[in-house]
Amino acid sequence: MEDALTVQSFITQFEDAERITYDARAKSEQCRDYFDDKQLTEQERTALEKRGQPPVIFNEIKPKIKTMLGLEKQTRKDPKAFPRNPDDEDAARACTDAIRYVCDDSRWDDVRSAAAKNIAIEGTGAVFVGVKRTREGYDPEIRKVAWDRFYYDPYSADDDFGDAQFKGIVVWLDLDEARRLYPNADEVIIDTWKSSSAGETYDDKPKYKTWADHKRRRVRLCEHYYREGDVWMYAVFTGGGFLVEPMPSPYLGEDGQPECPIKAVSLYVDRDNNRYGEVQSMISPQDEINKRRSKALHISNSRQIRVSQNVAHNPNQVRKELSHPQGVFIGEAGEVEVLPQTDMLMGNLNLMQDARDHIHRVGANSAMAGKDTGGQSGKAIALQQMGGMTEAADYLDAIRRLSLEVYRSVWARVRQFWTAERWIRVTDDEQNVRFVGLNRPVTALQAMAQQMGVTKENVQQAPPKVQQQLQMMAQDPRSQMVVAVENNVTELDVDILVDEGVDTPTIQAEQFQVVAQMLPGAPPNIQPILWEALFANSAFRDKEKVLEALRAPPDPQAVAMQRMQMQMAAAQAQAETEKTQSETVRNLADAEAKGANVQLEAFKAGAQAA
């Protein structure tokens with residue numbers, strides 16, 4: 001009896017959440033319909049058909065949302081872990097590689113884009129950070145949660161659900177699949193087969209209103225996470241009882257305590273805790289655009305006339321003849337007069353244009369899309385786009401906060417489930433495949449080799465004395481004892497950040513341009529610093545390698561060789577200078593001797609003539 005009461009309390013929580021958020025979810029469904037061109041009701045379509053007018057829709061909402069979705073794709077940034085202590089740089093690099101590996105394996109870019117679309121249209125995006133079974137154990141996994149399968153505490157007011165007392169996911173399963181997954185709850189599943197009502201949004205597609213679908217042999221269950229004090233609890237229930245008894249959440253957070261694996265964020269929350277996105281504010285002007293255009297089209301195809309009594313005996317016949325291109329009127333000239341409706345037509349067109357302009361001013365605008373260039377320069381267009389992006393700051397910030405929560409939970413899953421030695425492949429190296437070892441045991445022999453600076457690559461170049469010491473150490477059985485664990489994920493202390501500010505690309509590009517202009521005329525001792533700053537602000541794919549090479553201390557042999565080359569070049573230059581000077585002196589002496597001979601010959605010639 002106690003278990004039944006407990007299950008009923010969970011069902012009551014779910015049903016209250018469904019009832020209180022019904023209006024907000026109905027508006028979210030309307031927002032999705034408007035994005036999908038479903039903007040006319042059946043009554044409106046019927047009225048247009050009676051007029052003989054096509055139900056034309058000019059969807060101004062979809063291009064706006066598609067611009068926002070494109071902006072989300074353009075501003076994607078990979079996560080990066082930063083060390084909290086000066087000696088943790090290698091650990092931070094290993095953490096970064098592990099998180100990026102999980103994101104690539106889970107196709108996080110696609111999951112994030114789907115959540116970003118829900119945030120823009122319905123107003124809320126949700127992601128589940130769990131694990132999946134693999135050959136090597138359990139790997140972290142990121143899964144998308146459909147907005148209409150996600151339910152939450154209706155009294156939560158924070159846009160990131162930080163104050164929510166419970167969150168959950170509604171799941172529909174085939175009856176046989178549910179009995180296979182929960183063999184210990186077979187009786188509960190069968191009882192649910194006869195049970196109660198469900199809502200209109202959390203049900204399966206097409207919509208059902210019960211906990212079970214007898215036609216398709218499916219049952220509905222709730223994966224429920226709730227707070228009990230400071231601990232997140234977990235349970236799975238259905239209309240007939242528990243499938244999984246309440247227990248602490250199997251997923252641990254950064255602090256080692258059970259956490260809720262459902263990460264969600266809303267774009268806007270009103271004072272009644274209703275959550276909505278960007279589309280909701282565009283529905284009213286979109287309706288006016290459709291109705292004003294439909295009215296203008298109706299006015300264009302309609303005519304008001306004034307006729308004399310001689311031809312007005314049958315008004316319907318006059319109207320029919322007037323609408324026909326080859327209509328015939330029997331009467332004198334001027335007995336049929338078409339009244340102008342230009343004022344009504346222009347009024348509807350002007351109001352329709354004003355509604356279009358209003359939608360264009362909301363959210364992502366043409367300036368951000370780079371469409372209003374007007375012959376401007378590239379820098380002016382970039383500044384205009386940056387100004388337009390301020391309209392999407394809330395949207396980008398919501399995605400950034402959701403991404404950050406996901407990255408931190410991914411790292412928490414890595415620390416929880418990757419307890420054995422694990423090697424991950426880093427796929428961003430185009431030249432050579434690089435592997436990173438986590439929880440890698442270090443033996444006494446390996447520790448000794450590391451202290452001597454000997455690796456597998458340079459062991460052949462090591463001094464003979466060092467090689468002899470390592471060989472003697474290898475013969476000792478104690479050399480294979482594990483003395484340390486390299487990149488122990490349970491001990492790595494890092495800060496996980498994501499840089500997705502809307503102004504970062506522009507500032508980075510400006511800094512790159514300034515440094516590039518300074519580099520050619522900089523003194524030789526300043527050029528290495530400028531080269532480092534140039535690559536730091538560039539979009540070069542492998543710039544980390546270049547920066548490591550620039551920051552590395554110079555090789556003594558290379559420095560000595562460079563100094564020797566400089567000395568040889570200076571000596572050669574001095575020899576060339578001395579050679580040039582001696583040739584100049586010799587040429588001057590030859591010139592003076594030739595001048596003296598010329599004068600002597602001239603004197604002799606003058607003497608003979610005398």
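Five bridges join strand β2 (residues 124–134) to β10, and the two strands run antiparallel. That is a good place to start looking at this predicted model. Within this pairing, G125 of the structure stands opposite V265 in β10.

**The sheet and its helix**

Step back from that pairing and an open sheet of three strands comes into view, with the order β3-β2-β10 and antiparallel pairing. Its edge strands are β3 (137–145) and β10 (262–266), each of which pairs on one side only. On average, neighbouring strands of this sheet are turned by 20° against each other, with direction ignored. Helix α6 (residues 108–121) packs on the sheet and touches β2, β3 and β10. The direction of α6 makes about 155° with that of β2.

As a friendly reminder, strands of a sheet pair through backbone hydrogen bonds, either parallel or antiparallel.

**Aromatic pairs**

How many aromatic pairs does the structure hold? There are 15 of them. A pair of aromatic rings is described by the distance of the centres and the angle of the planes, and the table gives these values for two of the pairs.

| Pair | Distance of centres | Angle of planes | Class |
|---|---|---|---|
| Y138 and F417 | 6.0 Å | 50° | tilted |
| Y225 and Y234 | 5.0 Å | 35° | tilted |

Why do both count as tilted? Planes under 30 degrees apart would be stacked and planes over 60 edge-to-face, so the 50° of Y138 and F417 falls in the tilted class, and so does the 35° of Y225 and Y234.

The pair of Y138 and F417 brings us back to the sheet: Y138 lies in strand β3, while F417 lies in helix α14 (residues 393–417), so the pair ties together parts that are 279 residues apart in sequence. Are these two residues buried or exposed? Y138 is partly exposed, with a relative accessible area of 33%, and F417 is partly exposed too, at 24%.

For the pair of Y225 and Y234, the picture is one of burial. Y225 counts as buried at 1% relative accessibility, and Y234 counts as buried at 12%, because the cut-off for buried is under 20%.

Ring pairs also build a cluster, linking F10, Y226, F237 and F242.

**Charges over rings**

Aromatic rings also meet charged side chains here. The charged end of R275 sits over the ring of F161, 3.8 Å from its centre. K62 lies over the face of F35, at 5.3 Å from the ring centre.

Technical notes. Residues numbered from 1 in each chain as written. Predicted model: local features only at pLDDT ≥ 70, side-chain atom pairs only at ≥ 80, totals over all residues. Heavy atoms only, no water. Pairing = 2+ DSSP bridges. Helix = DSSP H or I, 4+ residues; strand = E, 2+ residues; numbered from the N terminus. Axes fitted to C-alpha atoms, helices over the stretch in contact; angles between N-to-C directions. Contact = heavy atoms within 4.5 Å. Phe/Tyr/Trp six-rings, centres within 6.5 Å; stacked < 30°, edge-to-face > 60°. Buried < 20%, exposed > 50% of the residue type's maximum accessible area, 1.4 Å probe, protein only. Lys NZ or Arg CZ within 6 Å of the ring centre and 35° of its normal.
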